[in-house]
Structure formats: structure tokens, C-alpha cells
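Work through the following exercises with the sequence and the 3D view side by side, and try each task before reading its solution.

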Number of protein chains: 2
Amino acid sequence: MTTSWLDIDPSSDFSLANIPFGVITREIAQSPHVGVAIGTYVLDLQLLWGLHPEKFQAVHEALTTEIFSSPTLNAFAELGRPAHRAVRAWLQDLLSIDTSCPELLRDNEEARKLALIPQRNVRMQLPMAIGDYTDFYAGYHHAHAVGVMFRGVQNALQPNYTHLPVGYHGRASSMVVSGTPIQRPVGQILLDPAGPTTAASRRLDIELELGCFIAKPNALGTSVNVADAEKEAIFGYVLLNDWSARDIQTWEYVPLGPFNGKNFATTISPWVVLADALEPFRTTGVENKTPLQDYLKEERRENVFDIHLEVDLTTPEGDTTTISRTSSKHLMWSFPQMIAHHTLGGCPLRTGDLLGSGTISGPGGAKGGECGSLLEITEGGKKEVLLYGMDARTFLKDGDTVTLRGSCGSAGAKVGFGECRGRVYTARR
Amino acid sequence: MTTSWLDIDPSSDFSLANIPFGVITREIAQSPHVGVAIGTYVLDLQLLWGLHPEKFQAVHEALTTEIFSSPTLNAFAELGRPAHRAVRAWLQDLLSIDTSCPELLRDNEEARKLALIPQRNVRMQLPMAIGDYTDFYAGYHHAHAVGVMFRGVQNALQPNYTHLPVGYHGRASSMVVSGTPIQRPVGQILLDPAGPTTAASRRLDIELELGCFIAKPNALGTSVNVADAEKEAIFGYVLLNDWSARDIQTWEYVPLGPFNGKNFATTISPWVVLADALEPFRTTGVENKTPLQDYLKEERRENVFDIHLEVDLTTPEGDTTTISRTSSKHLMWSFPQMIAHHTLGGCPLRTGDLLGSGTISGPGGAKGGECGSLLEITEGGKKEVLLYGMDARTFLKDGDTVTLRGSCGSAGAKVGFGECRGRVYTARR
């Protein structure tokens, strides 16, 4: 394990093994641009480029000034995985204790002062310009638990569930970065069988998901095969909280799917963990005994990642309870399978498009504390979840803060996402 | 009725009463930019601006060089309806026989040669950069007919249908302009109850819709009230063909709605008819006897437009049959109501976002030749529709061309959309 000349806490999500990319605004600077997280610092890549353009250009021939001074990661993502790999490896070298170019940062106090900024001094932006957002439903235990709740154990899963990764189109315009306030939505709710009421949602929920950003686009009328999807299509990953107003959703969603129950906000974590950084944490997903259509068959069985995921609920009084502990391995479909299915009919994916995994829950369900939604934890709002501070919840209260966390790897070499956080504010009058 | 100094056929969709905006590429020019349609011509606004910037700037203070040399109409749309109104009125004056500035075009042969181009010499582009696309289900007779087909007459409409404009998020990346080839999609289809097959769709259909582009955006967490939606939110309208693979859709759409059955392509007509141009054609929509929630109540009952709509099917042999004649008045929900509902929970609409009305069919249904989809015309593929040339269809054949047309008003003062056309090509192997 290589260590850094920077002092990095072994518990940090942002070890030398990670190097996630994000878009930062510095207090002193005018415009958002690209940086990477390392320990408690951000390395400002626009600034580093300005100091040593020739060094960067030697890393990969497609790199330009614009790529790191851009307000999104789209231009960098579009370069493709070999470029991401080369830049990440170079930054790992630059930050490692035995770096091959100590004069750039390690032994250059002035450069360090300019380019390394404490994370608390930057504001994180939405990392990508998101063209389209698609949300899948690949979390098997979630789909099963919710199915049992609505249709009983015999019909828990719809007949198509094990044949294709079920998904639907989400709303890109309401995608927000971690920390953005979440306003409780107003909507139509069926409180009385005689007819709906327009009111603030009483059943505001979260959904713990993994998000996946597309790097390589495909043209209209072409499809991406599952092997190429794994090798080329994916830029990186974020945590995603698909806030859901269950009462609005229940009344509106038949027959065309969720709409206002979801489109008021979706929060993502700000640092994009590159596809390469997660490679060492591959594992097998939920077994699917159904024979797959050819276009969904993958060569290796280790098609998902074992990312340890947690959900914290912090009350308005400031007491925090971890209400879920699970893993992203509890998916029945991999992102390459989702991409192969999404493009099967010729639908174009563009650089910066975002795919959500669907809610991730573990096999232990509510009893095991492994649920990615309050709907499951409270069995449809019937059982309260107890919180520290003598408090309890069925669904979210105004003033509650929900924080998703996720990481893999051991102390000193962790690959994590940081926080995906949102606080609930009172509904508009 | 004012006439133009240009020779315009009375049957033209693009009379002086219209002045729709589009994005053109001229054979001689490098980059797409803005023009308006008039008769069989395009008036090139980038070029006109170049000749007389001071005249344009006098029309509205917010106009800049960039607005008409832009490859989309977004910058123009963002200026708001007063600006659209002023520019349209000025262009109507410029093109009218008794124009107040004859020296600019009417009596200036050189300027006419430069700025007026036959439509056949330009290539039309997608008019807007579309952030998000939402498809509603507001065509009452379509929703009812399809409901009868799937659930019987007693349960034809879902309980929410008359309480809110049902809608779902569509796919923006596969939105294409009229004339773009449509490749028959491959997808999972349930031909055998034992399990699905991956094959080219056998039930490729159309959906006749009206599309509505957003001008004025709303911020996350705010909603647009229905009166403001009517006055300010809408830029203009296009025809929209929501191509649908019924067999793919049937297998995939439970429980989260349509996905690959729709996202392979959606075609829109290239000319955006401004909201003001349709004002004279207001009428009452389908009566809704359900008491509405306050946020959906409109002051005037004339909340939809009576646009005469037609669907032509042209066989590979070149024979054309008009398979549907209906009107956009057969909507139960208006676009302002759709906007008020869409934003009720705080979902942001952005300039250039597109709303589809849902399939429009008349009360006469299949017998009256008023259906906006083959699904209805052929009663789910059970009855063939007879075509000229001794041919017949249940669903579309490779080589078929579908053309939507729409217009209002009388000869010499028509406000129409031109064509929304697409030809079906063989599925990818």
C-alpha cells in the first residue's frame, strides 16, 4: 500500500487509492472548475494545470486547458476511460510519498499552498451536466419487500423482473448536489376515498441508491453490448438519494409510473468515484436463476461492487441514528446490463447521463436493519423506527437530515463517496 | 386580413398570421441559426440581423446578435412572451404589403435574395435544446378507448384520471426532427408465456400528439400557478409523434411505466408555432365533471386549441392514405394545467423543456376515423385498416412513412405546423 506525503486519516474515504473527481467553487475564484479529493483536501486541477501545463499534456494527449476549467466533468468524462486512468495514475504518483516529481507539489510549499485547499473552504457543485436521468429497480430485496407489501408474497415480483432490468425515465432538472435543502413537496393525496386533497406530503421517504455516470455516448439507433458497456461506457459512481413522497406516488402512479412523487428533488454526492477505483471491490450480485437473453449475459459473475452503505437520520435536535447498513452488492442487475438493456432498441445515452440502481436493501430486511427506504423499515408506515434522543419516525419530519455514506476497502486505503446529505424543510404554503 | 408582398398560396400553413420559428442550416453557411417560415420561404433572421441590427434592437431591447445566430431557439424563448410578441409583430409588418419599412425587404431585391430562401434549400434542425421531456395523457378519448381495450368499459379510466393530468417522464436524448429515419426497435417481447424473446418489434405504432415548449423557467421548490402558466410559461407548439413499440411496452411497463417501448425515437415538427399565433383558435376542451383542486382551476373555459390534425400513412410503394382526422380540442387537460400540476411539488421546468399532450383521438373513435394511434384504429391489432393501393395494416411495415399535419384558420390566413414525418427502417440485426 502506497502512502501519501499528505497526512491522511486512515478512516478517510479519500485515500490515495481513490482520487474522485468533482466540481468546486473556491471562495477566491469566480467560476466552478475541476478538482479531486485527497484526505481532507481538494487538489485544484485548474490551478495545477496553470502551473504545469506541459506535465499534464504529457499524461494524455487529449487533455486541454478547458477540460479542468470547465464547470462540469462532462468534457473530462468524454475523453474515455484510458484518459481517466492515466490522469488518476499520475495524480496518485504526484501525491504519493515516493513521487517521481517531488518538485511539483511535495517539495514545493508555494504550489501546495495554491493548489491544495481544505475541503471546508470549497463549495461543491453538481459534478455533471445531466442530459437524461434513468432510474432502475435492480435492488432485488427492495423490489421483493415492496412487492410483498402491495401484492402479497406469491406475486411480489412482476413476471418481467428477472428477465430485464426494469427502469423508468426520471427528471434531470431536479437533480441537486449534496447539501441542497429539500423542500417537502405539496401534491395530490388520497386521504378520503371520495376524492383527493392538495396538501404537503405526509409520507416523505428516502431511497438509498448508487448512481452511475455515462462516459462514452452511443448514437441514436445503435446499442451498446454488455461487454463494451463494462469496458468503456461508465465514467464513475455517486451515491444517490431518490427522495420519494409515498402518498403522492400512490395516487398518481397508475398507469404510467412515478411522477410528482419523485420529481421534486434527487440528491447525489459531489465526488465521482471513477470506475477504475472500484475495480478491486467487485463481487457477485444477487443470483438470478432465470435464463438470460443473450444481450444481458456477462462473462464474469463479479458484476457488482461490495460498497458498504449506511443511512443516517439526524433529528432537528441533532441526534443521529444509523437506520440502515447494507451493501451495493444486493443488486440483481449490473450497470453494464442496465446500459445494454437501455440501448437495446437504439436509445442514445449521452456523456453525463445518469443511471440510478434503484433502492438497495439487504436480505435481512427491516429486522436486520438493512433497508434502503423508510417504507421498508417501517413496513409501510405501520411500525415506528426508534431513534436516539427518545424519538421515533415512520416517515421524515421537517428538520430531519438524511445522510448516505458509502465506502469500500480497509483503513488507509479506503475508496469512499463522502456524504450524500439533505435536510427536509417545511412545505411551501 | 393583411396580405404579404410575397406570393403565398392560400393553402399554406405559413401565412402572415403564423410566423413560426425554427433552426435552419443553409447550404452555403457553416452553422445552424434561426429563421421563420413564410409561405414556401424561410426568412433568415441571422442574416437579416446582420443587415439591420439597429432595426432589430429597436423592436425589443433584449435582442442581441447571439440570439438569432444561436443553434437553438432557447435564448430567444428565454426572453419571454412580450419579446416573442414584439418580434413576431415586427416580422408581420416587414412582410405585409403595406409594410412600414419597405426599404428593408419589399423594395430591396438584394436583401430579399440574401435573406429569403426557398424552404427546399434549407435543412431543418431540432428547434430547441430539450432539457427534459414529459409526456402527458390528456387525450380523453384515447385514454378511454385504450382503457376499454385493457380493462373493460367499467374500469376504462383509472380513478386519478379526471383529478389530475397524468403524465410521465420521457426521454430527451432520442427526440428527433421531422424527416429523421426511424429504425424499428429491437426489444424483449413476450411471444410465448414461457418467457420473452429478443426480437424486432412486430407492433410498431404512432401516437399523434401536440408538443409544448417552455419559455419561462421556474426555480427548484417553486410552482407555477395555472394563470401565470397561460400568460408566461409557454413559448410555442409543435406536432409530436411518440413512436411506440406496443409489444415491447406491454411486457416492460408494469410497474414503472413505458421505457424501451418509447425511448428509441420521438419525432417533432421543426417549426415552433408561437403561443400568440394560436390565441385566435381557442376553444373548450373535453368537459370534466369532476370538481377540480384549486390549483387546476382556470378562469376561462376556452383552454385548448381547435387545431385540425391529420395522419397520413404512405406505403413503401408510395400510396398515401389519411388514416386519421381529428382536433387538438379533444384534450381534457390544458397545457397550463399540465404545467401547474408538473410544478406543484416544486419541480423546475427549464426553458426548452418539452411537454407532450398524450395521444389525441376524437370521440368518433375507429369508426369515425378519428384515432391518433394504430392501436385504436385496429382495435389492438385485431382489425386491419385498409389503405390505397390494395394494401392494409395493423401496425407499421418497414418502409412506411407517417406524416402528421396540423393547422387552424381559413385559406390565406392559416396557422399551421407543416409536416412531422418519419419513415420506418428495418431493425438492426
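**Exercise 1. Place one residue in its surroundings.**
Find the element that holds B:T283, and then list its contacts that are distant in sequence.

Solution. Begin with the element: B:T283 is in strand β18 of chain B, residues 282-283, where helices (H or I, at least four residues) and strands (E, at least two) are DSSP runs numbered from the N terminus. This is a predicted model, in which local features need pLDDT of at least 70 and side-chain atom pairs count only at pLDDT 80 or more, while totals for chains, interfaces and linings use all residues. Residues are numbered from 1 along each chain as its sequence is written, chains are lettered from A and ligands numbered from 1 in the order in which they are written, and side-chain values use heavy atoms, with hydrogens and water left out.

Next, leave aside the neighbours within four places in sequence: B:T283 is then in contact (heavy atoms within 4.5 Å) with B:R301, B:E302, B:N303, B:V304, B:F305, B:D306 and B:K329. Finally, take a pair for the ruler: the C-alpha atoms of B:T283 and B:G131 are separated by 30 Å, and these residues are 152 apart along the chain.

**Exercise 2. Describe the enclosed space.**
How many cavities of 30 Å³ or more does the structure hold, and which residues lie nearest the centre of the largest cavity?

Solution. Rolling a probe the size of a water molecule over the atoms shows where empty space is left. On a 1 Å grid over the protein atoms alone, a cavity is a set of points where a 1.4 Å probe fits but cannot get out, a pocket is an open set with protein on both sides within 12 Å along at least five of seven lines, and lining residues have an atom within 4 Å of a point. Grid points are joined across faces, edges and corners, and a volume is the space filled by probe spheres set on the points.

With these rules, the structure holds eight cavities of 30 Å³ or more, and the largest cavity contains about 130 Å³ of space. Its lining consists of 17 residues, with B:Y237, B:N303, B:F305, B:F335 and B:P336 nearest the centre. The elements giving two or more residues to this lining are β14 (234-241), β19 (304-305) and α11 (335-342) of chain B.

Now sort the lining by class, counting Ala, Val, Leu, Ile, Met, Phe, Trp, Tyr, Cys and Pro as nonpolar, Asp, Glu, Lys and Arg as charged, and the others, Gly among them, as polar. The lining of the largest cavity has ten nonpolar, three polar and four charged residues.

**Exercise 3. Describe the open space.**
Which element gives the most residues to the lining of the largest pocket?

Solution. The largest pocket has a volume of about 540 Å³, and of its 31 lining residues A:V146, A:F150, A:R246, A:Q249 and A:L375 lie nearest the centre. At least two residues each come from β6, α7 (140-151) and α9 of chain A, and α7(A) gives the most, with six residues. By class, this lining has 13 nonpolar, seven polar and eleven charged residues.

**Exercise 4. Examine the interface.**
How many salt bridges cross the interface of chain A and chain B?

Solution. First take the extent: 61 residues from chain A and 61 residues from chain B enter the contact. The two chains bury about 5400 Å² between them, 55% of it on carbon and sulfur atoms; buried area is the accessible area (1.4 Å probe) that two parts lose on being put together, summed over both.

Then look for salt bridges (a side-chain nitrogen of Lys or Arg within 4 Å of a carboxyl oxygen of Asp or Glu): there are four across this interface. A:D132 forms a salt bridge with B:R171, with the closest N and O atoms 3.5 Å apart.

**Exercise 5. Explain a link within one chain.**
Why does the salt bridge of A:D44 and A:R26 tie together separate parts of chain A?

Solution. The side chains of A:D44 and A:R26 meet in a salt bridge (3.1 Å, N to O). A:D44 lies in strand β3 (residues 41-44) and A:R26 in strand β1 (residues 21-26) of chain A, so the pair ties together parts that are 18 residues apart in sequence.
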